[in-house]
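Visitor: I'd like to go through this one with you, one question at a time. Shall we have a look?

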Amino acid sequence: MAHPRHELVRARAGSACEYCRIPAAVYAGPFTTEHIIARQHGGSDRDDNLAFSCARCNLHKGPNIAGLDPDTGELTRLFNPRSDRWDDHFVWSGHILAGRSPIGRTSVRVLAMNEPTIRAVRAALLLEGVFPPITSG
Ligand SMILES: [Zn+2]
């Protein structure tokens, strides 16, 4: 059932969702190998089109490759974990994930990255001192 390269994709991602960065070690939900550009849109099955994603982000992303920037209403592509730097597009404000670019804002919205259930998980992890989990420099 799992993608044949799931373990490689997981290792490359440091075992954290490449969109919302929830670590697999602390989040009970399943994680999946996700096609960044869905096969429906001609996305390939190569490593450069695969991302490690929590099932929650994957569910909301579905086959979407773009959305409307909530600030401007402009059609904007979604974050691409292979070609974009996470820190260029997202920033933590406590347990809330904010977009710092049109791509970030659009991805936060389409992937529902601040829905109440995941915010509650992050708030609890924040109290435990294990979140935010990754600081890349
Ligand atoms: Zn996620």
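Visitor: Does Gly67 count as buried or exposed?
Guide: Gly67 is in strand β3; strands here are DSSP runs of E with at least two residues, helices are runs of H or I with at least four, and both are numbered from the N terminus. The scale goes by relative accessible area: under 20% is buried, over 50% exposed and in between partly exposed, using a 1.4 Å probe and protein chains only. At 10% relative accessibility, Gly67 is buried.

Visitor: Before we go on, what kind of model is this?
Guide: Residues are numbered from 1 along each chain as its sequence is written, and side-chain values use heavy atoms, with hydrogens and water left out. Local features need pLDDT of at least 70, side-chain atom pairs count only at pLDDT 80 or more, and totals for chains, interfaces and linings use all residues, this being a predicted model.

Visitor: How many Å separate the C-alpha atoms of Gly67 and Leu111?
Guide: Leaving out neighbours within four places in sequence, Gly67 has contacts (heavy atoms within 4.5 Å) with residues including Thr106 and Val110. Leu111 is 44 residues from Gly67 along the chain, and their C-alpha atoms are separated by 9.8 Å.

Visitor: Which residues of α4 are buried?
Guide: Helix α4 covers 102–110, and its buried residues pack against α2 (55–61), β3 (66–68), β4, α3, β5 and β6 (96–99). One of them, Ile103, has a relative accessible area of 13%. The full set is Ile103, Gly104, Thr106, Ser107, Val108 and Val110.

Visitor: Which histidine in helix α3 touches Ile103?
Guide: Ile103 has contacts beyond its neighbours within four places in sequence, among them Thr76, Leu78 and Phe79. The partner in question also touches Asp84, Ala98 and Gly104. At 11% relative accessibility it counts as buried, and the residue found in α3 is His89.

Visitor: How many aromatic pairs turn up in the whole structure?
Guide: Rings of Phe, Tyr and Trp (its six-membered ring) pair if their centres lie within 6.5 Å; planes under 30 degrees apart are stacked, over 60 edge-to-face, and the rest tilted. On those terms, a search of the whole structure gives a count of seven.

Visitor: How are the planes of Tyr19 and Phe79 set, edge-to-face or stacked?
Guide: Tyr19 is in the loop between α1 (6–12) and β1 (31–35), and Phe79 is 60 residues away in the loop between β4 (75–77) and α3 (86–89), so the pair links distant parts of the chain. Both Tyr19 and Phe79 are buried. Their centres are 6.2 Å apart with 80 degrees between the planes, which makes the pair edge-to-face.

Visitor: And why does the pair Phe31 and Phe52 count as stacked?
Guide: Phe31 and Phe52 are both buried. The ring centres are 5.1 Å apart, and the pair is stacked because the planes are at 15 degrees.

Visitor: How many residues apart in sequence are the parts tied together by Phe31 and Phe52?
Guide: Phe31 lies in strand β1 and Phe52 in strand β2 (residues 50–54). The pair therefore ties together parts whose separation in sequence is 21 residues.

Visitor: Which element gives the largest share of the largest nonpolar core?
Guide: A nonpolar core is a set of buried Ala, Val, Leu, Ile, Met, Phe, Trp, Tyr and Cys residues joined through side-chain atoms within 4.5 Å. The largest one has 29 residues, with Tyr19, Phe31 and Cys54 among those with the most contacts inside it. Two or more residues come from each of β2, β5 (90–93), α4 and α5 (116–128). The largest share, four residues, comes from β2.

Visitor: Which residue in the loop between α4 and α5 has a positive phi?
Guide: Most residues other than glycine have a negative phi, and most peptide bonds are trans. Ser15, in the loop between α1 and β1, is one exception, with phi near 60 degrees. In the loop between α4 and α5, the residue with a positive phi of about 50 degrees is Ala112.
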